[in-house]
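Grab the viewer and work through these exercises with the model open beside you. Try each task yourself before you read its solution.

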Amino acid sequence: PEEVSFRARKCDRILSEMYIFPIKSCAAMRVSRWKINRRTGRLAFDREFALVDATGTAMRLNAYPMMSQIRPSIDFDQRIITVKAPNMSNLVLSLDCDDSSENVQKYHEKDSIRVCGNSCGGRVWGSHDATKWFSSFLGVRCWLARHYQKQMTDVISSAGTPLHVSSSVAAPVPTGKSSEEKAFANEAPMLLLSQDSIIALNSVLLSQGQRRVNPCHFRPNLVVGGMESLATASCVKGSDEVQTRTNPEDNWSSVTFKEKSLELSAVGQCARCSMVDIDPSSGMKGKTLRALADYRRKKGEIMFGVFYSGKSRNNQEELCSDDEVWIEEGDHLTCTQKAVS
């Protein structure tokens with residue numbers, strides 16, 4: 001039989017912007033240097049926390065646009081999270097322990113926290129003052145919850161009980177591997193977007209008389225740039241050639257940080273909803289989703305950005321060094337395109 005050869009082209013890129021979202025659906029924290037887990041591909045503390053309503057459901061930005069004005073920041077050295085919002089005093093919480101016992105008693109017991117229909121392990125984090133802070137700003141009763149991970153057992157047992165464990169029994173909560181790896185993220189631990197994609201979208205928005213957008217509209221973790229832009233304003237509906245030029249990440253199977261022994265594997269494209277219409281700086285709504293629909297609709301969904309997860313290099317099951325490594329804006333990447341025959 002005739003042999004079929006496959007080739008996978010590679011291109012060099014630069015990590016131009018990096019963001020974490022300590023509290024799901026709240027404002028981004030831009031970081032120039034940050035820890036990432038090589039095994040999972042998750043940035044430290046990304047989507048570690050969520051605001052939950054009285055039903056145990058994680059609150060989302062498209063339903064509560066003012067969440068965009070809640071700005072959390074992580075301090076590794078002091079081991080604290082500081083949360084800011086307009087006309088509110090700063091809220092400072094420990095990352096290692098909290099005072100949530102009273103909060104857990106008042107919070108009706110839940111089987112789990114629901115994120116986009118999926119169940120995640122979590123527990124209330126912070127005292128009654130924290131609950132009052134978030135509830136006052138958003139105008140709805142809510143709680144700050146932290147994703148429950150197995151390695152947090154000692155801290156949780158001494159500080160309080162998980163949401164879905166009776167307050168009289170402090171037992172570890174079994175959570176699925178995928179939940180542990182991505183915390184409160186919807187699909188995967190990492191979301192990547194190229195500058196080319198933003199340039200192409202802005203050309204469409206301007207042609208429609210709309211304002212430009214920036215990467216934060218799409219809540220990516222990594223924004224990749226560094227090559228001469230191939231984006232063009234002529235985004236033709238249904239044209240695969242144009243899609244490859246304007247959104248090159250669609251065609252990448254992996255991204256490698258050579259100097260950091262870090263390889264991330266593409267999981268799938270990100271289906272978008274009306275959340276992208278919300279301006280992260282003001283909370284006001286625009287028409288970004290409509291512009292994307294003109295040239296990014298695939299099988300009924302509007303795709304923009306690609307999800308990634310971790311992958312050990314050289315097919316190693318265990319890394320010789322620690323799983324965590326620091327990556328920085330300006331790091332050089334090698335993007336491997338999907339093999340074609």
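Before we start, one definition: contact means heavy atoms within 4.5 Å. Helices (H or I, at least four residues) and strands (E, at least two) are DSSP runs, numbered from the N terminus. Now the small print: this is a predicted model, where local features need pLDDT of at least 70, side-chain atom pairs count only at pLDDT 80 or more, and totals for chains, interfaces and linings use all residues. Residues are numbered from 1 along each chain as its sequence is written, and side-chain values use heavy atoms, with hydrogens and water left out.

**Exercise 1. Work out the sheet that holds E5, E6 and E7, and find the helix that lies across E6 and E7.**

Step 1: start with the order. The sheet is open, runs E5-E6-E7 and has antiparallel pairing; two strands pair if DSSP finds at least two bridges between them.

Step 2: look at the edges. Strand E5 (71–75) and strand E7 (91–94) sit there, each pairing on one side only. Neighbouring strands are turned by 20° against each other on average, direction ignored.

Step 3: zoom in on one pair. Five antiparallel bridges link E5 with strand E6 (residues 80–84), and Asp 75 faces Ile 80 of E6.

Step 4: add the helix. Helix H2 (residues 128–138) lies across E6 and E7, at about 140° to E7. For such angles, axes are lines fitted to C-alpha atoms, for helices over the stretch in contact, and the angles run from 0 to 180 degrees between N-to-C directions.

Step 5: check the loop between E6 and E7, where you'll find Asn 87. Asn 87 has a positive phi of about 60° although it is not a glycine. Most residues other than glycine have a negative phi. With a relative accessible area of 83%, Asn 87 is exposed (buried means under 20% relative accessible area, exposed over 50%, partly exposed in between; 1.4 Å probe, protein chains only).

**Exercise 2. Which residues of H2 are buried?**

Step 1: go along the helix. The buried ones are Ala 130, Thr 131, Trp 133, Phe 134, Ser 135, Phe 137 and Leu 138.

Step 2: pick Thr 131. Its relative accessibility is 2%, so Thr 131 counts as buried. Thr 131 and Leu 144 are 13 residues apart in sequence, with 6.7 Å between their C-alpha atoms.

Step 3: step off the end of the helix. Gly 139, just after H2, takes a positive phi of about 75°.

**Exercise 3. Find the edge strands of the sheet E4-E11-E10.**

Step 1: this open sheet has three strands with antiparallel pairing.

Step 2: strand E4 (49–52) and strand E10 (122–124) each have a single partner strand, so one side of each is left without a neighbour in the sheet. Those two are the edges. On average, neighbouring strands here are turned by 35° against each other, direction ignored.

Step 3: E10 and strand E11 (residues 143–147) run antiparallel and are joined by three bridges. Gly 122 stands opposite His 147 in E11.

**Exercise 4. Along strand E18 (residues 324–328), which side chains are buried?**

Step 1: sort by face. Val 325 and Ile 327 point to one face and are buried, while Glu 324, Trp 326 and Glu 328 point to the other and are not.

Step 2: find the partner. Strand E3 (residues 33–37) pairs with E18 in the antiparallel sense over five bridges, with Ile 36 opposite Val 325.

**Exercise 5. Describe the second largest pocket and its lining.**

Step 1: know what counts. On a 1 Å grid over the protein atoms alone, a pocket is an open set of points where a 1.4 Å probe fits, with protein on both sides within 12 Å along at least five of seven lines; lining residues have an atom within 4 Å of a point.

Step 2: the lining has 25 residues, with Arg 60, Asn 186, Cys 270, Arg 272 and Phe 307 nearest the centre.

Step 3: ask where the lining comes from. Strand E12 (190–194) and strand E15 (262–271) each supply at least two residues, and E15 gives the largest share, three residues.
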